[in-house]
Amino acid sequence: SSAARESLADLEGEEVDAAIAKAFDTAEGNQRLVLIGLIGDRGISAAVPALKQAAGDEDLEVATAAIKALSTTIELDELSVLIDLLVSSASAEKSTAAKEALKIAVLRMPDRDATSVKLLAPMDGASATGKVNLLDLLGIVGGEKALKGVAAAARSGDDATQDAATRVLGGWMSPDAAPVLLELANAGSEKFRIRCLRGFIRIPRQLDVSPQGRIAMCRDAMAAATRDAEKGLVLEVLGRNPSPETLAEVAPYLDNEALHAAAAAAAVAIAEKLIDQHPGPVTEVLQKAVEAEDEEVAGKARRLLRRAKNQ
(Lines give C-alpha, C1' and ligand atoms only; values in the text may rest on other atoms or scores of the structure.)
Protein backbone atom coordinates (compact mmCIF):
# COMPACT_ATOMS: atom_id res chain seq x y z
CA SER A 1 0.00 0.00 0.00
CA SER A 2 2.77 2.44 0.92
CA ALA A 3 4.73 1.60 -2.22
CA ALA A 4 1.61 2.05 -4.36
CA ARG A 5 0.89 5.43 -2.79
CA GLU A 6 4.47 6.59 -3.34
CA SER A 7 4.28 5.51 -6.98
CA LEU A 8 1.01 7.34 -7.51
CA ALA A 9 2.43 10.44 -5.85
CA ASP A 10 5.37 10.42 -8.26
CA LEU A 11 3.50 9.64 -11.50
CA GLU A 12 3.34 12.63 -13.83
CA GLY A 13 0.44 13.76 -15.94
CA GLU A 14 -2.86 15.58 -15.62
CA GLU A 15 -4.70 12.36 -16.41
CA VAL A 16 -3.32 10.87 -13.19
CA ASP A 17 -4.69 13.84 -11.21
CA ALA A 18 -8.06 13.46 -12.90
CA ALA A 19 -8.18 9.74 -12.16
CA ILE A 20 -7.36 10.27 -8.48
CA ALA A 21 -9.96 13.04 -8.14
CA LYS A 22 -12.58 10.87 -9.85
CA ALA A 23 -11.77 7.89 -7.65
CA PHE A 24 -12.19 10.04 -4.54
CA ASP A 25 -15.78 10.85 -5.46
CA THR A 26 -16.86 7.25 -4.90
CA ALA A 27 -14.22 6.07 -2.42
CA GLU A 28 -15.13 4.77 1.01
CA GLY A 29 -13.37 3.86 4.23
CA ASN A 30 -9.59 3.75 4.32
CA GLN A 31 -9.41 4.24 0.56
CA ARG A 32 -10.82 7.73 1.10
CA LEU A 33 -8.02 8.63 3.49
CA VAL A 34 -5.39 7.33 1.08
CA LEU A 35 -6.82 9.33 -1.81
CA ILE A 36 -7.06 12.50 0.30
CA GLY A 37 -3.38 12.10 1.11
CA LEU A 38 -2.56 11.67 -2.58
CA ILE A 39 -4.58 14.73 -3.50
CA GLY A 40 -2.60 16.73 -0.97
CA ASP A 41 0.73 15.26 -2.05
CA ARG A 42 0.07 16.09 -5.69
CA GLY A 43 -1.64 19.43 -5.03
CA ILE A 44 -4.70 18.57 -7.14
CA SER A 45 -6.61 21.85 -7.14
CA ALA A 46 -9.55 20.34 -9.07
CA ALA A 47 -10.34 18.28 -5.97
CA VAL A 48 -10.77 21.33 -3.72
CA PRO A 49 -14.61 21.24 -3.80
CA ALA A 50 -14.54 17.60 -2.68
CA LEU A 51 -11.96 18.38 0.00
CA LYS A 52 -14.09 21.25 1.33
CA GLN A 53 -17.00 18.87 1.65
CA ALA A 54 -14.80 16.24 3.32
CA ALA A 55 -13.53 18.85 5.80
CA GLY A 56 -17.04 18.84 7.27
CA ASP A 57 -17.21 15.06 7.52
CA GLU A 58 -18.40 13.56 10.80
CA ASP A 59 -15.41 11.22 10.70
CA LEU A 60 -12.77 13.39 12.38
CA GLU A 61 -9.88 11.50 10.75
CA VAL A 62 -11.30 12.16 7.30
CA ALA A 63 -12.06 15.78 8.13
CA THR A 64 -8.58 16.58 9.46
CA ALA A 65 -6.95 14.77 6.52
CA ALA A 66 -8.99 16.87 4.11
CA ILE A 67 -8.06 20.05 5.95
CA LYS A 68 -4.39 19.09 5.69
CA ALA A 69 -4.78 18.41 1.96
CA LEU A 70 -6.32 21.85 1.45
CA SER A 71 -3.00 23.37 2.56
CA THR A 72 -1.40 22.36 -0.75
CA THR A 73 -4.41 22.67 -3.05
CA ILE A 74 -6.42 25.74 -2.06
CA GLU A 75 -5.93 29.12 -3.77
CA LEU A 76 -6.23 32.65 -2.40
CA ASP A 77 -9.89 33.14 -3.30
CA GLU A 78 -10.86 30.16 -1.14
CA LEU A 79 -8.42 30.69 1.71
CA SER A 80 -11.34 31.79 3.87
CA VAL A 81 -12.44 28.14 4.02
CA LEU A 82 -9.46 27.33 6.23
CA ILE A 83 -9.68 30.65 8.07
CA ASP A 84 -13.33 30.00 8.97
CA LEU A 85 -12.38 26.56 10.28
CA LEU A 86 -9.65 28.16 12.35
CA VAL A 87 -11.78 30.82 14.03
CA SER A 88 -15.27 29.30 13.97
CA SER A 89 -14.98 25.53 14.25
CA ALA A 90 -16.44 24.02 17.40
CA SER A 91 -13.93 21.20 17.06
CA ALA A 92 -10.54 21.88 18.66
CA GLU A 93 -9.03 19.19 16.44
CA LYS A 94 -10.31 20.84 13.26
CA SER A 95 -9.19 24.28 14.44
CA THR A 96 -5.70 22.96 15.16
CA ALA A 97 -5.58 21.21 11.79
CA ALA A 98 -6.72 24.40 10.07
CA LYS A 99 -3.94 26.43 11.68
CA GLU A 100 -1.30 23.90 10.62
CA ALA A 101 -2.75 23.88 7.10
CA LEU A 102 -2.75 27.67 6.96
CA LYS A 103 0.90 27.81 7.99
CA ILE A 104 1.64 26.00 4.73
CA ALA A 105 -1.05 27.59 2.59
CA VAL A 106 -0.23 31.24 3.33
CA LEU A 107 3.37 30.72 2.20
CA ARG A 108 2.09 29.44 -1.15
CA MET A 109 0.04 32.55 -1.83
CA PRO A 110 1.55 34.88 -4.47
CA ASP A 111 0.31 38.13 -2.89
CA ARG A 112 1.28 38.67 0.75
CA ASP A 113 -0.87 41.75 1.25
CA ALA A 114 -3.96 40.08 -0.24
CA THR A 115 -3.34 37.10 2.03
CA SER A 116 -3.10 39.41 5.03
CA VAL A 117 -6.42 41.04 4.11
CA LYS A 118 -8.03 37.59 4.26
CA LEU A 119 -6.52 36.90 7.68
CA LEU A 120 -7.46 40.32 9.06
CA ALA A 121 -11.10 40.16 7.92
CA PRO A 122 -12.41 38.07 10.87
CA MET A 123 -10.09 39.61 13.48
CA ASP A 124 -12.60 41.91 15.20
CA GLY A 125 -15.19 39.20 15.72
CA ALA A 126 -12.80 36.38 16.59
CA SER A 127 -12.44 34.88 20.05
CA ALA A 128 -9.32 35.54 22.09
CA THR A 129 -7.83 32.25 20.89
CA GLY A 130 -8.85 33.01 17.32
CA LYS A 131 -7.11 36.38 17.43
CA VAL A 132 -3.93 34.80 18.74
CA ASN A 133 -3.98 32.24 15.92
CA LEU A 134 -4.60 34.90 13.28
CA LEU A 135 -1.78 37.06 14.64
CA ASP A 136 0.60 34.09 14.53
CA LEU A 137 -0.27 33.56 10.87
CA LEU A 138 0.18 37.24 10.04
CA GLY A 139 3.68 36.94 11.47
CA ILE A 140 4.37 34.10 9.03
CA VAL A 141 3.02 36.06 6.07
CA GLY A 142 4.83 39.33 6.82
CA GLY A 143 4.57 42.37 4.58
CA GLU A 144 3.10 45.84 4.99
CA LYS A 145 -0.57 44.99 5.63
CA ALA A 146 0.31 42.19 8.04
CA LEU A 147 2.56 44.52 9.99
CA LYS A 148 -0.11 47.20 10.20
CA GLY A 149 -2.64 44.66 11.43
CA VAL A 150 -0.36 43.25 14.10
CA ALA A 151 0.68 46.75 15.17
CA ALA A 152 -2.97 47.74 15.58
CA ALA A 153 -3.54 44.66 17.73
CA ALA A 154 -0.51 45.57 19.86
CA ARG A 155 -2.07 48.97 20.51
CA SER A 156 -5.48 47.53 21.41
CA GLY A 157 -6.89 47.64 24.90
CA ASP A 158 -7.11 43.88 25.24
CA ASP A 159 -4.32 42.35 27.30
CA ALA A 160 -4.34 38.93 25.62
CA THR A 161 -4.31 40.49 22.16
CA GLN A 162 -1.45 42.80 23.10
CA ASP A 163 0.44 39.83 24.49
CA ALA A 164 0.13 37.88 21.24
CA ALA A 165 0.78 40.86 18.98
CA THR A 166 3.91 42.05 20.79
CA ARG A 167 5.24 38.48 20.78
CA VAL A 168 4.72 38.27 17.02
CA LEU A 169 6.33 41.66 16.47
CA GLY A 170 9.30 40.60 18.58
CA GLY A 171 10.02 37.82 16.10
CA TRP A 172 9.26 39.80 12.91
CA MET A 173 11.58 38.72 10.13
CA SER A 174 12.16 42.06 8.45
CA PRO A 175 13.51 45.39 9.74
CA ASP A 176 10.31 47.29 8.89
CA ALA A 177 8.92 46.31 12.31
CA ALA A 178 11.54 48.49 14.03
CA PRO A 179 9.55 51.77 14.20
CA VAL A 180 6.50 49.99 15.66
CA LEU A 181 8.58 48.16 18.25
CA LEU A 182 10.40 51.34 19.28
CA GLU A 183 7.10 53.20 19.62
CA LEU A 184 5.68 50.42 21.80
CA ALA A 185 8.88 50.26 23.85
CA ASN A 186 8.57 53.97 24.60
CA ALA A 187 4.83 54.46 24.90
CA GLY A 188 3.04 51.11 24.67
CA SER A 189 1.54 49.05 27.45
CA GLU A 190 3.89 49.09 30.44
CA LYS A 191 3.53 45.32 30.73
CA PHE A 192 5.05 44.68 27.29
CA ARG A 193 7.58 47.50 26.91
CA ILE A 194 10.62 45.38 27.77
CA ARG A 195 9.54 42.70 25.29
CA CYS A 196 9.13 45.31 22.57
CA LEU A 197 12.50 46.89 23.32
CA ARG A 198 14.20 43.51 23.16
CA GLY A 199 12.42 42.82 19.87
CA PHE A 200 13.72 46.16 18.61
CA ILE A 201 17.29 45.33 19.70
CA ARG A 202 17.02 41.95 17.97
CA ILE A 203 16.65 43.67 14.59
CA PRO A 204 20.13 45.27 14.41
CA ARG A 205 21.55 42.15 16.03
CA GLN A 206 20.11 39.55 13.65
CA LEU A 207 18.65 41.18 10.56
CA ASP A 208 20.14 42.92 7.54
CA VAL A 209 20.51 46.58 8.50
CA SER A 210 22.97 49.12 7.10
CA PRO A 211 25.94 50.03 9.34
CA GLN A 212 24.63 53.55 9.91
CA GLY A 213 21.11 52.28 10.45
CA ARG A 214 22.40 49.80 13.01
CA ILE A 215 24.21 52.51 14.96
CA ALA A 216 21.14 54.75 14.88
CA MET A 217 18.99 51.90 16.18
CA CYS A 218 21.46 51.21 18.97
CA ARG A 219 21.28 54.87 20.01
CA ASP A 220 17.48 54.72 20.00
CA ALA A 221 17.54 51.53 22.04
CA MET A 222 19.90 53.05 24.61
CA ALA A 223 17.62 56.08 24.92
CA ALA A 224 14.57 53.84 25.42
CA ALA A 225 16.23 51.41 27.84
CA THR A 226 15.47 51.81 31.52
CA ARG A 227 17.39 48.74 32.68
CA ASP A 228 21.06 47.81 32.47
CA ALA A 229 20.12 44.39 31.05
CA GLU A 230 18.84 45.90 27.79
CA LYS A 231 21.67 48.42 27.64
CA GLY A 232 24.07 45.50 27.89
CA LEU A 233 22.34 43.86 24.91
CA VAL A 234 22.84 47.03 22.88
CA LEU A 235 26.55 47.07 23.74
CA GLU A 236 26.76 43.46 22.60
CA VAL A 237 25.24 44.42 19.24
CA LEU A 238 27.83 47.17 18.85
CA GLY A 239 30.59 44.73 19.74
CA ARG A 240 29.42 42.37 17.00
CA ASN A 241 29.81 45.12 14.37
CA PRO A 242 33.35 46.52 14.63
CA SER A 243 34.02 49.96 13.18
CA PRO A 244 35.44 53.26 14.40
CA GLU A 245 31.85 54.46 14.80
CA THR A 246 30.76 51.55 16.99
CA LEU A 247 33.93 51.91 19.06
CA ALA A 248 33.03 55.54 19.68
CA GLU A 249 29.52 54.49 20.75
CA VAL A 250 30.87 51.95 23.24
CA ALA A 251 33.63 54.11 24.74
CA PRO A 252 31.47 56.33 27.03
CA TYR A 253 29.98 53.30 28.77
CA LEU A 254 33.42 52.24 30.02
CA ASP A 255 32.97 55.01 32.60
CA ASN A 256 29.66 53.54 33.75
CA GLU A 257 30.26 51.20 36.66
CA ALA A 258 27.11 49.15 36.06
CA LEU A 259 27.84 48.72 32.36
CA HIS A 260 31.63 48.51 32.46
CA ALA A 261 31.73 44.73 32.01
CA ALA A 262 29.49 44.75 28.93
CA ALA A 263 31.25 47.79 27.50
CA ALA A 264 34.69 46.25 28.05
CA ALA A 265 33.68 43.04 26.30
CA ALA A 266 32.28 45.00 23.36
CA ALA A 267 35.33 47.29 23.22
CA VAL A 268 37.75 44.37 23.14
CA ALA A 269 35.73 42.63 20.41
CA ILE A 270 35.84 45.79 18.29
CA ALA A 271 39.49 46.49 19.09
CA GLU A 272 40.56 43.08 17.78
CA LYS A 273 39.32 44.10 14.31
CA LEU A 274 40.50 47.73 14.33
CA ILE A 275 43.86 47.56 16.04
CA ASP A 276 45.98 47.61 12.90
CA GLN A 277 44.12 50.43 11.15
CA HIS A 278 43.20 52.59 14.15
CA PRO A 279 45.74 52.04 16.94
CA GLY A 280 45.18 55.48 18.50
CA PRO A 281 41.46 55.27 19.35
CA VAL A 282 41.87 51.60 20.21
CA THR A 283 44.61 52.35 22.74
CA GLU A 284 42.48 54.94 24.51
CA VAL A 285 39.59 52.53 24.90
CA LEU A 286 41.70 49.53 25.88
CA GLN A 287 43.29 51.44 28.74
CA LYS A 288 39.87 51.38 30.39
CA ALA A 289 38.97 47.87 29.23
CA VAL A 290 41.97 46.36 31.10
CA GLU A 291 40.09 47.11 34.32
CA ALA A 292 37.36 44.58 33.45
CA GLU A 293 36.44 42.14 36.20
CA ASP A 294 36.32 39.31 33.67
CA GLU A 295 39.92 38.14 33.57
CA GLU A 296 39.58 36.77 30.06
CA VAL A 297 38.40 40.15 28.77
CA ALA A 298 41.01 42.03 30.80
CA GLY A 299 43.80 39.72 29.63
CA LYS A 300 42.81 40.11 26.00
CA ALA A 301 42.66 43.89 26.48
CA ARG A 302 46.21 43.90 27.91
CA ARG A 303 47.54 41.88 24.99
CA LEU A 304 45.84 44.13 22.47
CA LEU A 305 47.09 47.21 24.30
CA ARG A 306 50.69 46.03 24.01
CA ARG A 307 50.11 45.34 20.34
CA ALA A 308 48.57 48.76 19.77
CA LYS A 309 51.48 50.55 21.44
CA ASN A 310 53.87 48.77 19.08
CA GLN A 311 52.12 50.05 16.00
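Me: What makes the link between the side chains of E230 and R198 a polar contact?

Reply: Their side chains come to 2.7 Å, and a polar contact is a pair of N or O atoms within 3.5 Å, where within protein one must be able to donate a hydrogen and the other to accept it, and residues adjacent in sequence count only if both atoms are side-chain atoms. Do keep in mind that this is a predicted model, where local features need pLDDT of at least 70, side-chain atom pairs count only at pLDDT 80 or more, and totals for chains, interfaces and linings use all residues. Residues are numbered from 1 along each chain as its sequence is written, and side-chain values use heavy atoms, with hydrogens and water left out.

Me: Why is E230 called buried or exposed?

Reply: E230 has 0% relative accessibility, so E230 counts as buried; the term means under 20% relative accessible area, with exposed over 50% and partly exposed in between (1.4 Å probe, protein chains only).

Me: Which residues does E230 touch, not counting residues up to four places away in sequence?

Reply: Happily, a short list: I194, L197, R198, I201 and A225. Contact here means heavy atoms within 4.5 Å.

Me: And how do you know whether C196 and C218 form a bond?

Reply: A disulfide is a pair of cysteine sulfur atoms within 2.5 Å. The sulfur of C196 is 18 Å from the closest cysteine sulfur, in C218, and therefore too far for a bond. The structure holds 0 disulfides.

Me: What makes C196 and C218 buried?

Reply: C196 has a relative accessible area of 1%, so C196 is buried. C218, at 3%, is buried too.
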